[in-house]
Amino acid sequence: MSEVRLTVEPRTEFGKGAARRTRRAGKIPAVLYGHGSDPRHFALPAIEFARVVRENGSNAVITLDLEGSSELALTKTIVVHPLKNYIEHVDLLVVRRGEKVTVDVPVVVTGTAAPGTLVNQDLDAIQVEVEALHIPDQVEVSVEGREVGTQITASQITLPRGAELVTDGEALVVAVTEPQREEVSEEETAEAAEAPAEEAE
């Protein structure tokens with residue numbers, strides 16, 4: 001994950017009206033907290049921050065330039081408007097170089113399971129503890145050629161060096177099963193057979 005730098009502005013106005021004005025000016029209201037410091041409020045450049053998230057994922061680590069000082073921060077929470085799809089607010093966490101952080105990392109399923117099987121993904125992400133500057137964009141799980149009955153748990157996922165699993169190792173991530181279509185058709189057949197009997201009554 002590449003480290004990026006953004007110049008941010010302090011924010012002195014608060015409330016919904018102030019937040020709307022900030023967004024109209026092409027900025028995103030944000031707050032930085034952690035390491036025992038008081039929360040600091042500022043405005044992120046909207047276009048640049050959206051690009052950072054697009055290129056580095058939701059766990060982006062950013063160097064913030066704020067009034068002559070710089071601060072390393074981990075993107076913790078991104079609030080997106082449910083209808084208009086723009087970023088409403090961002091929470092950032094102060095981090096130090098070499099420090100480990102706990103983050104959710106997306107799980108991507110690769111490969112094709114054996115013919116006539118169905119792949120069910122139970123977890124879209126797993127939680128890991130990893131150095132702040134070495135957060136993986138994703139972890140991969142291969143189902144190539146896997147047969148019915150295969151179950152892959154969190155502990156079976158290969159993690160990057162230095163990363164430790166926080167999610168329960170027994171948690172089911174992916175299961176390869178048999179398609180249920182035949183069972184559904186049998187139920188439909190049974191229902192169809194019962195219908196005339198009910199009508200006759």
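Student: In what order do the strands of the open sheet of 4 strands stand?
Tutor: In this predicted model, the pairing within the sheet is mixed. E8 and E11 pair in the parallel sense over 4 bridges, whereas E8 and E10, the latter covering residues 125–131, run antiparallel and are joined by 7 bridges. E10 also pairs with E13 (residues 164–165), in the antiparallel sense and over 2 bridges. Read across the open sheet, the order is therefore E11-E8-E10-E13.

Student: Which strands stand at the edges of this sheet, and why is one side of each left without a neighbour?
Tutor: A strand at the edge here has a single partner strand, so one of its sides has no neighbour in the sheet. For one of them the partner is E10, where Val 128 has Leu 165 of E13 as its bridge partner, and for the other the partner is E8, which pairs with E11 in the parallel sense. The two edge strands are E11 and E13.

Student: Which residue of E10 is the bridge partner of Val 105?
Tutor: E8 and E10 are joined by 7 bridges and run antiparallel, and on the other pairing of E8, Val 107 stands opposite Val 139 in E11. Towards E10, the bridge partner of Val 105 is Ile 126.

Student: Which residues have the most contacts inside the largest nonpolar core?
Tutor: In soluble globular proteins, nonpolar side chains tend to be buried together. The largest nonpolar core in this model has 25 residues, and E6, E8, E10, E11 and E14 (172–177) each supply at least two of them, with E8 giving the most, at 4 residues. Leaving aside neighbours within four places in sequence, Val 103 is in contact with residues including Leu 74, Ile 126, Val 128 and Ile 135. The residues with the most contacts inside this core are Val 103 and Ile 126.

Student: Which residues of helix H2 are buried, and why do they count as being on the same side?
Tutor: Helix H2 covers residues 46–56, and its buried residues span an arc of only 55 degrees around the axis, which puts them on the same side of H2. What covers these buried residues includes strands E1 (4–7), E3 (27–34) and E4 (37–45), while the face turned away from the buried side carries the exposed residues Ile 47, Arg 54 and Glu 55. The buried residues of H2 are Phe 49, Val 52 and Asn 56.

Student: Is Thr 117 buried or exposed?
Tutor: Thr 117 is placed in the loop between E8 (100–110) and E9 (118–121), and, not counting residues up to four places away in sequence, Thr 117 touches Arg 146, Val 148, Val 176, Thr 177 and Pro 179. Its side chain also reaches the backbone oxygen of Ala 114 at 2.5 Å. Because its relative accessible area is 18%, and residues under 20% count as buried, Thr 117 is buried.

Student: What is the relative accessibility at which Thr 150 counts as buried?
Tutor: Thr 150 is placed in the loop between E11 and E12 (151–153), where a polar atom of its side chain lies 2.8 Å from the backbone oxygen of Glu 147. Leaving aside neighbours within four places in sequence, Thr 150 is in contact with Val 174, Ala 175 and Val 176. The relative accessibility at which Thr 150 counts as buried is 16%.

Methods: Residues are numbered from 1 along each chain as its sequence is written. This is a predicted model: local features need pLDDT of at least 70, side-chain atom pairs count only at pLDDT 80 or more; totals for chains, interfaces and linings use all residues. Side-chain values use heavy atoms; hydrogens and water are left out. Buried means under 20% relative accessible area, exposed over 50%, partly exposed in between (1.4 Å probe, protein chains only). The arc is that of the directions from the helix axis to the C-beta atoms. Contact means heavy atoms within 4.5 Å. A polar contact is a pair of N or O atoms within 3.5 Å; within protein, one must be able to donate a hydrogen and the other to accept it, and residues adjacent in sequence count only if both atoms are side-chain atoms. Two strands pair if DSSP finds at least two bridges between them. A nonpolar core is a set of buried Ala, Val, Leu, Ile, Met, Phe, Trp, Tyr and Cys residues joined through side-chain atoms within 4.5 Å.
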